[in-house]
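Visitor: Walk me through this one, please. Keep it brisk.

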Amino acid sequence: MIRHLVLFKLNEGVERDDPRVVAGVAAFEALGGQIEELRFWECGWNISDRPIAYDFAINSAVEDPDALKRYLEHPAHQAGVALWREFATWVIADYEF
């Protein structure tokens, strides 16, 4: 199995209630039910107020590198990424477990 973690940081001046952010969150929340490669899916807002904390996180799992590739290339994933590019940056980590 491969864990796929993504941490998002909203751009300066962008708030959680921005309509673009609301749409981006909705797009990512829906992915768990849209992409068959996903064996585990959760996402949510960070609750820490530490200055080094990111704002939003995705924690997911897929079976193998091929499944990860299919997930990343899936049109629903690509559509969500396109939304988030407008208002955030992110970092990822993929590891076997």
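Guide: We begin with Glu 37, placed in the loop between H1 and strand E2 (40-45). Note that the model is predicted.

Visitor: Is Glu 37 buried or exposed, and at what relative accessible area?

Guide: The cut-off for buried is under 20% relative accessible area. Glu 37 falls below that cut-off, so Glu 37 is buried. Its value is 11%.

Visitor: Which residues is Glu 37 in contact with, leaving aside neighbours within four places in sequence?

Guide: Contact here means heavy atoms within 4.5 Å. With neighbours within four places left aside, the partners of Glu 37 are Ala 61, Val 62, Glu 63, Ala 67 and Arg 70.

Visitor: Where is Tyr 54, and how accessible is Tyr 54?

Guide: Tyr 54 has its place in the loop between E2 and strand E3 (56-62). Buried ends at 20% and exposed starts over 50%. Tyr 54 lies in between, so it counts as partly exposed. Its relative accessibility is 28%.

Visitor: Which residues does Tyr 54 touch, not counting those up to four places away in sequence?

Guide: Sequence neighbours up to four places away are not counted. That leaves Leu 7, Phe 8, Lys 9, Asn 46 and Val 91.

Visitor: Which charged end sits over the ring of Tyr 54?

Guide: The test needs the charge within 6 Å of the ring centre and within 35 degrees of the ring normal. The charged end in question sits 5.5 Å from the centre of the Tyr 54 ring. It belongs to Lys 9.

Visitor: And which charged end sits over the ring of Phe 97?

Guide: Here the distance to the ring centre is 4.4 Å. The residue is Arg 3.

Visitor: What nonpolar surface patch does Phe 97 help make?

Guide: Phe 97 makes the patch with Met 1 and Tyr 95. Met 1 is found in the segment before strand E1 (2-10). Met 1 counts as partly exposed, at 35% relative accessibility. The patch is about 300 Å².

Visitor: How many aromatic pairs are there, and why is the pair of Phe 28 and Trp 84 stacked?

Guide: The count comes to 9 aromatic pairs. In the pair of Phe 28 and Trp 84, the ring centres are 5.5 Å apart. Planes under 30 degrees apart count as stacked. This pair is stacked because its planes are at 10°.

Visitor: Which parts does the pair of Phe 28 and Trp 84 tie together?

Guide: Phe 28 and Trp 84 are both buried. The parts they tie together are 56 residues apart in sequence. They are helix H1 (residues 19-31) and helix H3 (residues 75-85).

Key:
Residues are numbered from 1 along each chain as its sequence is written. This is a predicted model: local features need pLDDT of at least 70, side-chain atom pairs count only at pLDDT 80 or more; totals for chains, interfaces and linings use all residues. Side-chain values use heavy atoms; hydrogens and water are left out. Patches are made of residues with over 30% relative accessible area and no salt bridge: like charges are joined within 9 Å, nonpolar side chains (Val, Leu, Ile, Met, Phe, Trp, Tyr) within 5 Å. Accessible areas come from the Shrake-Rupley method with a 1.4 Å probe; for residues, only the protein chains shown count as cover. A salt bridge is a side-chain nitrogen of Lys or Arg within 4 Å of a carboxyl oxygen of Asp or Glu. Helices (H or I, at least four residues) and strands (E, at least two) are DSSP runs, numbered from the N terminus. Buried means under 20% relative accessible area, exposed over 50%, partly exposed in between (1.4 Å probe, protein chains only). Rings of Phe, Tyr and Trp (its six-membered ring) pair if their centres lie within 6.5 Å; planes under 30 degrees apart count as stacked, over 60 as edge-to-face and the rest as tilted.
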